[in-house]
Amino acid sequence: MFDGTNLRRATTTPGGDLETTGEDLAEAVGTFDGVTGDVDAEGNLVLSTVDTGETTVLDVDPVASTAAAALGLGPGGRVTASGQGPGSARLTSVHCGPYELPPAASMTVHVDGKARKVTFDDEEHEQWTAEDVAARINRQLRRKVARATGEGRLHITSPTQGVGSRLTVTEPAGDLPDAAAVLGFTGEAAHSDPYRTEPARFVCRPAAETTVVENLTSAPIELQLPTGRCVLPARGRLVVARDMAAEGPLLRLVAQGTVRMSPERKS
């Protein structure tokens with residue numbers, strides 16, 4: 001959620017007046033993480049998220065924000081916008097900072113299928129802010145995937161959009177303190193795979209045991225099988241499942257000497 005309170009502070013002159021030019025507002029918006037500002041052809045301020053995709057949402061709270069009214073986002077105005085197109089996997093921690101992470105606390109962050117251990121082994125930290133944790137994750141993963149939210153939570157975003165974008169945070173192996181639990185990357189907040197794909201699959205099962213039914217007469221025989229009506233030509237042969245060969249009508253024909261049944265030979 002974008003809070004316009006800081007925007008008002010950033011664009012207020014020493015005399016206390018709020019600058020009204022779109023360029024000044026856009027420049028001020030550019031100082032905030034996750035949001036960019038631009039000016040359209042009519043000089044209006046345009047707010048945009050850095051992230052893209054259908055899961056991206058930009059919220060402006062007209063009640064909490066002291067600048068919403070000045071931006072034309074007061075009550076009754078549009079205060080929520082959503083992105084379009086395939087997005088990225090993203091996770092937000094359940095807990096807010098600061099965090100009390102024991103020395104050697106660790107977790108494993110899986111980004112698009114690649115896992116890397118993140119360890120919080122700095123004993124000088126008694127408490128870790130969300131910014132501290134985000135910086136540690138980005139440094140140890142060697143890519144900028146984590147940031148602090150305005151509420152003091154941790155937000156991790158996959159650098160991949162669409163198919164193949166996925167995130168998972170898992171607890172450490174052994175007896176090491178669990179950083180994921182302290183931060184709140186647990187349960188549904190520990191895994192995101194929004195564009196999961198599956199290969200085409202066939203389940204191959206062994207063929208059923210079969211029996212050969214042979215017509216011993218010189219005339220066709222009509223058979224009523226569980227699979228439907230079937231005509232067995234004179235001196236003809238028919239392969240059926242072994243359980244089907246145990247049906248009463250076939251057994252009566254065998255008893256009459258009309259047909260003969262024998263196991264199918266496997267070549």
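Buried means under 20% relative accessible area, exposed means over 50%, and partly exposed is what lies in between (1.4 Å probe, protein chains only). The model is predicted, so to speak plainly: local features need pLDDT of at least 70, side-chain atom pairs count only at pLDDT 80 or more, and totals for chains, interfaces and linings use all residues. Residues are numbered from 1 along each chain as its sequence is written, and side-chain values use heavy atoms, with hydrogens and water left out.

**Exercise 1. Three backbone oddities**

Find out where Ala 104 and Arg 142 sit, and whether each is buried, partly exposed or exposed.

Solution. Start with the background: most residues other than glycine have a negative phi, and most peptide bonds are trans.

Step 1. Ala 104 isn't a glycine, yet its phi is positive, about 75 degrees. You'll find Ala 104 in the loop between β5 and β6; strands, like helices, are DSSP runs numbered from the N terminus (E, at least two residues, for strands; H or I, at least four, for helices). Ala 104 counts as partly exposed because its relative accessibility is 31%.

Step 2. Arg 142 also has a positive phi, near 60 degrees. Arg 142 belongs to the loop between α3 and β8. Its relative accessible area is 71%, so Arg 142 is exposed.

Step 3. For the third oddity, look at omega: it is about 5 degrees between Gly 97 and Pro 98, a cis peptide bond. Pro 98 is in the loop between β5 (90-92) and β6.

**Exercise 2. Sizing up helix α3**

Compare the span of α3 with the expected one, then work out what its buried residues pack against.

Solution. Step 1. α3 covers residues 130-141, which is twelve residues. The expected span is 1.5 Å times one less than the number of residues. From first C-alpha to last, α3 reaches 16 Å, close to the 16 Å expected.

Step 2. Go through the helix for buried positions: Ala 130, Val 133, Ala 134, Arg 136, Ile 137, Asn 138 and Leu 141.

Step 3. Now look for contacts, meaning heavy atoms within 4.5 Å. Those buried residues pack against β6 (105-111), β7 (114-120), β8 (146-148), β9 (154-157) and α4 (179-183).

Step 4. For the orientation, take axes as lines fitted to C-alpha atoms (for helices over the stretch in contact), with angles from 0 to 180 degrees between N-to-C directions. α3 lies across β6 and β7 and runs at about 135 degrees to β7.

**Exercise 3. Tracing a sheet**

Write down the strand order of the open four-strand sheet and say which strands stand at the edges.

Solution. Step 1. Two strands pair if DSSP finds at least two bridges between them. With that rule, the order comes out as β7-β6-β10-β11, with antiparallel pairing.

Step 2. β7 and β11 each have a single partner strand, so they're the edges, and one side of each has no neighbour in the sheet.

Step 3. Count bridges inside the sheet. β6 and β10 pair over four bridges, while β10 (residues 167-170) and β11 are joined by two.

Step 4. Pin it to residues through Leu 167. In β10, Leu 167 is the bridge partner of Val 111, and Leu 167 also stands opposite Ser 192 in β11.

**Exercise 4. Two buried residues**

Which residues do Ser 106 and Ala 190 touch, leaving out those up to four places away in sequence?

Solution. Step 1. Ser 106 is in strand β6, and with a relative accessible area of 0% it is buried. Its contacts are Lys 117, Val 118, Thr 119, Pro 172, Leu 176, Pro 177, Asp 178, Ala 179 and Ala 180.

Step 2. Ala 190 sits in the loop between α4 and β11 (191-192). Ala 190 is buried too, at 11% relative accessible area. It touches Leu 91, Leu 167, Thr 168, Val 169 and Phe 185.

**Exercise 5. The aromatic pair**

How are the rings of Phe 120 and Trp 128 arranged?

Solution. Step 1. Rings of Phe, Tyr and Trp (its six-membered ring) pair if their centres lie within 6.5 Å; planes under 30 degrees apart are stacked, over 60 edge-to-face, the rest tilted. Searching the whole structure gives one pair.

Step 2. The centres of Phe 120 and Trp 128 are 5.2 Å apart and the planes are at 85 degrees, so the pair is edge-to-face. Both residues are buried.
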